[in-house]
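Please walk me through this structure in a few connected paragraphs, with the terms explained where they come up.

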Amino acid sequence: MRDEVYRRPREQIVDFVFDDAVAAAFPDMIRRSVPGYETVVPLSGLIAARHARAGSVCYDLGCSLGATAIAIARQLTIPTCRIVAIDNSAAMLERARSLHAEPRIDWVCADLRDVAFDAACAVTMNYTLQFVPSEDRLRLLARIRRALHPDGVLIVSEKVHFADAAEHDYFDATHAAFKRANGYSELEVAQKRAALEKVLVPDRIEDHEARFRAAGFTRSLIWFRCLNWVSFAALP
């Protein structure tokens, strides 16, 4: 379904939520809004599967419609390694279950801040951490680190901002141009920006790297970057 969630003028812009309308249009929405998405998802599955271990778990946190979980399943060759896909949107998970008949994936509706993680070999958070309240991000990553195997990996993909105003404005304007080139009108771009303003809160690359260290990770590598979107691999 084509994304027309913000096509018509709205008298009042409310905070963005992952409701039924967004779930129905989500594949088109994220493809047209996030540069590099179609590269990041399959590579996330490839990287996660490289760290898979027998009897362990690959987590897809903030799984939305399960694209990354499915990408992991396509690469996973260890039959006793489970995939657990978690999201706090019932609408997104209901649609994910209807789209994917993959018996290796357990779909869980929960707030990530409340999840008790089992022993994990890989954890993916593609465009998820930016929706977690800023004050809860370090605590969540520290819990993931404690659950992660010494040879495991945490994959985090995020929108980022830049301390240098000129750099930030350049990439922000280019990102807006990317969305217009993908068929969004000026109204759609503006209304969605307003809806996300208080919901999607990006950090600087340096903030991510410092938080990984504070959470107990020894290294963080940038493995993909496109405009103001970055993917990290954090290693124990």
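Lys192 has a relative accessible area of 14% and therefore counts as buried, a word used here for residues under 20% relative accessible area, with exposed meaning over 50% and partly exposed in between, for a 1.4 Å probe and protein chains only. This lysine is found in helix 7; helices (H or I, at least four residues) and strands (E, at least two) are DSSP runs, numbered from the N terminus. Its side chain and that of Ser33 are joined by a polar contact of 3.3 Å, a polar contact being a pair of N or O atoms within 3.5 Å, where within protein one atom must be able to donate a hydrogen and the other to accept it, and where residues adjacent in sequence count only if both atoms are side-chain atoms. Leaving out residues up to four places away in sequence, Lys192 touches Tyr6, Phe16, Met29 and Ser33, contact meaning heavy atoms within 4.5 Å.

The model is predicted, so local features need pLDDT of at least 70 and side-chain atom pairs count only at pLDDT 80 or more, while totals for chains, interfaces and linings use all residues. Residues are numbered from 1 along each chain as its sequence is written, and side-chain values use heavy atoms, with hydrogens and water left out.

Helix 7 also takes part in the surroundings of helix 6, since what covers the buried residues of helix 6 includes helix 1 (20–33), strand 5 (148–159), helix 7 (186–196), strand 6 (219–226) and strand 7 (229–235). Helix 6 itself (residues 165–181) has 17 residues and reaches 24 Å from its first C-alpha to its last, close to the 24 Å expected at 1.5 Å a residue, where the expected span is 1.5 Å times one less than the number of residues. Its buried residues are Phe171, Asp172, His175, Ala176 and Lys179. They lie on the same side of helix 6 because they cover an arc of only 140 degrees around the axis, the arc being that of the directions from the helix axis to the C-beta atoms. The face turned away from this buried side carries the exposed residues Ala166, Tyr170 and Ala181. At the N-terminal end of helix 6, Asp164 acts as a cap, with a side-chain oxygen 3.2 Å from the backbone nitrogen of Ala166, and after the helix comes Gly183, whose phi is positive, near 100 degrees.

The largest nonpolar core has 31 residues, and those with the most contacts inside it are Tyr59, Leu61, Val123, Met125, Ile144 and Leu154; such a core is a set of buried Ala, Val, Leu, Ile, Met, Phe, Trp, Tyr and Cys residues joined through side-chain atoms within 4.5 Å. Its largest share, five residues, comes from helix 5. The buried residues of helix 5 pack against strand 1, strand 4, strand 5 and helix 8. Setting aside its neighbours within four places in sequence, Val123 is in contact with Tyr59, Leu61, Ile144, Leu148, Val153, Leu154 and Ile155. Apart from this core lies another, of 26 residues, among them Phe26, Val34, Tyr127 and Leu196.

The structure also holds 11 aromatic pairs; rings of Phe, Tyr and Trp (its six-membered ring) pair if their centres lie within 6.5 Å, and planes under 30 degrees apart count as stacked, over 60 as edge-to-face and the rest as tilted. The rings of Tyr37 and Tyr127 have their centres 6.2 Å apart and their planes at 40 degrees, so this pair is tilted. It links distant parts of the chain, with Tyr37 in helix 2 (residues 37–50) and Tyr127 in the loop between strand 4 and helix 5, 90 residues apart. Tyr37 counts as buried at 14% relative accessibility, and Tyr127 counts as buried at 10%. In the pair of Phe212 and Phe217, the ring centres are 6.1 Å apart and the planes stand at 80 degrees, so the pair is edge-to-face, and both residues are buried. Ring pairs further link Phe16, Phe18, Phe26 and Phe131 into a cluster.

Most residues other than glycine have a negative phi. Tyr127, although not a glycine, has a positive phi of about 60 degrees, and Ser64, also not a glycine, has a positive phi of about 50 degrees. Ser64 lies in the loop between strand 1 and helix 3 (67–75) and is buried, with a relative accessible area of 13%.
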